[in-house]
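User: Please take a close look at one part of this structure, and then place that part among the other features that can be described. I am new to this structure, so plain wording is best.

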Amino acid sequence: MEISYLRISVTDKCNLKCFYCRPENMEFIPYQEILRYEEIGRLVRFLSKYGLKKVRITGGEPLVRPQIERLVEILADIPQIEDISMTTNGITLSQHAEKLKKAGLKRVNISIDSLKPELFYQITKGRLEDVLEGVKIAKKVGLNPIKVNAVIIRGLNEEEVLDFVEFGIEYGVEVRFIEMMPLGQGSIRWEQEMVKPLDQVKEKIEEKFGELISITSIGSGAARVYEIPSYKTKVGFITPMSNPFCDGCSKLRLTAEGSIKLCLRTDEEIPIKDVLRNGSDEELDEFIRKVLIAKEISNLKIQKSNYSFSDCVRVMTSIGG
Ligand code: SAM
């Protein structure tokens, strides 16, 4: 099987505390256990022989890891890698955007769960204005297209859906609405009532802005993407709960401490750090072929489990989204 996409988590630390993402008393991975940038580069180089073309850097919060632009440079040096992107909370993006762009980062996804400063603070414990500054500077230095990710939570930000669309029009960004996933049942309180099915969100947008035209294409990843014709603005919907998009998945995740996570819906992981650190090229190659077989088997198991999340105890901040 080919692997087209790798999400690389570079740290489990974050400068925000989103209540649904990060447990209160999280224990962080010790520094020496975290993969070095060169080790990540080695893995990406090998995976590029098996079809890898797109990588996304994530966290925790990727911008809290020192000199993150060095990783971008290492990845940009691998000829097969066509697309290097980052998912960030944007809090310090205004300070990093220019050097990231110079290092070879193509584009960013910025997470914003509310456009109201007080509610934003309630959800994240951070300042919305810092993030909005990040969006502006990212746009200015050309980290385009910018996508804004908003997890829609029933009873909290669901009333802001139309404001998000207006925001997308005003800032020239694509807003992607995300259904909350029941990860980390072991450590944070999960409430099923918080999930807002996004077909209702889509209907609400259509009532105000007219019919959305599907423009989902290969490369849109998990999102179903639409255009609002009168504004030439795009909106996306990521619906892991109400409409899973797992068939034919060729995405892998790398955790900060060096395990390959085959799928968000299970805690099944394959530790790869040892062979990355100490293995010969032949050993690493052999290992990667085993990972690809495991991914195929995992895809089948997930299909059989009816796309359940029941096995997932790890929280998102230690996976990377
Ligand atoms: N710190 C970065 C950020 O905020 O974008 C990257 C990591 S964060 C884990 C990536 C994304 O996962 C964020 O958009 C966050 O809202 C989303 N996320 C976290 N927990 C989630 C959950 N249980 N369901 C759906 N999305 C979740």
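Analyst: Thr233 is buried, as its relative accessible area is 8%, and in this predicted model the cut-off for a buried residue is under 20%. The residue belongs to strand 9, which covers residues 233-238. Between Thr233 and Asp130 there are two separations to note: 103 residues in sequence, and 24 Å in space from C-alpha to C-alpha.

Ser259 can be described in a similar way. It is part of strand 11, made up of residues 259-261. Its relative accessibility is 8%, so Ser259 counts as buried. Ser259 is 37 residues from Glu296 in sequence, and their C-alpha atoms lie 17 Å apart.

Burial can also be followed along a helix. Helix 1 spans residues 37-47, and 9 of its 11 residues are buried, so the helix is largely enclosed by the rest of the structure. The buried residues are Tyr37, Glu39, Ile40, Gly41, Arg42, Leu43, Val44, Phe46 and Leu47. In an α-helix there are 3.6 residues a turn, so residues three or four places apart point the same way.

Next comes the ligand. It is surrounded by 17 residues, and Tyr20, Gly60, Glu61, Ser111 and Met181 are the closest. By class, this shell holds 6 nonpolar, 9 polar and 2 charged residues. Several of the closest residues can be described by atom distances. The side chain of Tyr20 has an N or O atom 2.7 Å from an oxygen atom of the ligand. For Ser111, a polar side-chain atom is 2.5 Å from a ligand oxygen atom. With Glu61 the ligand atom is a nitrogen, and it lies 3.0 Å from an N or O atom of the side chain. Taken alone, the ligand would expose 550 Å², and the protein buries 94% of that area.

The last feature is the second largest pocket, which holds about 260 Å³ of space. Its lining consists of 15 residues, and those nearest its centre are Tyr31, Ile34, Arg36, Arg65 and Pro66. The lining of this pocket divides into 8 nonpolar, 1 polar and 6 charged residues.

To return to the starting point, Thr233 is a buried residue in strand 9.

Methods
Residues numbered from 1 in each chain as written. Predicted model: local features only at pLDDT ≥ 70, side-chain atom pairs only at ≥ 80, totals over all residues. Heavy atoms only, no water. Near = heavy atom within 4 Å. Polar contact = N/O pair within 3.5 Å; in protein donor to acceptor, adjacent residues only side chain to side chain. Areas by Shrake-Rupley, 256 points an atom, 1.4 Å probe, with all protein chains shown as cover. Nonpolar A, V, L, I, M, F, W, Y, C, P; charged D, E, K, R; others polar. 1 Å grid on protein atoms, 1.4 Å probe; cavity = no way out; pocket = protein on both sides within 12 Å on 5 of 7 lines; lining within 4 Å. Points joined across faces, edges and corners; volume = space filled by probe spheres on them. Buried < 20%, exposed > 50% of the residue type's maximum accessible area, 1.4 Å probe, protein only. Helix = DSSP H or I, 4+ residues; strand = E, 2+ residues; numbered from the N terminus.
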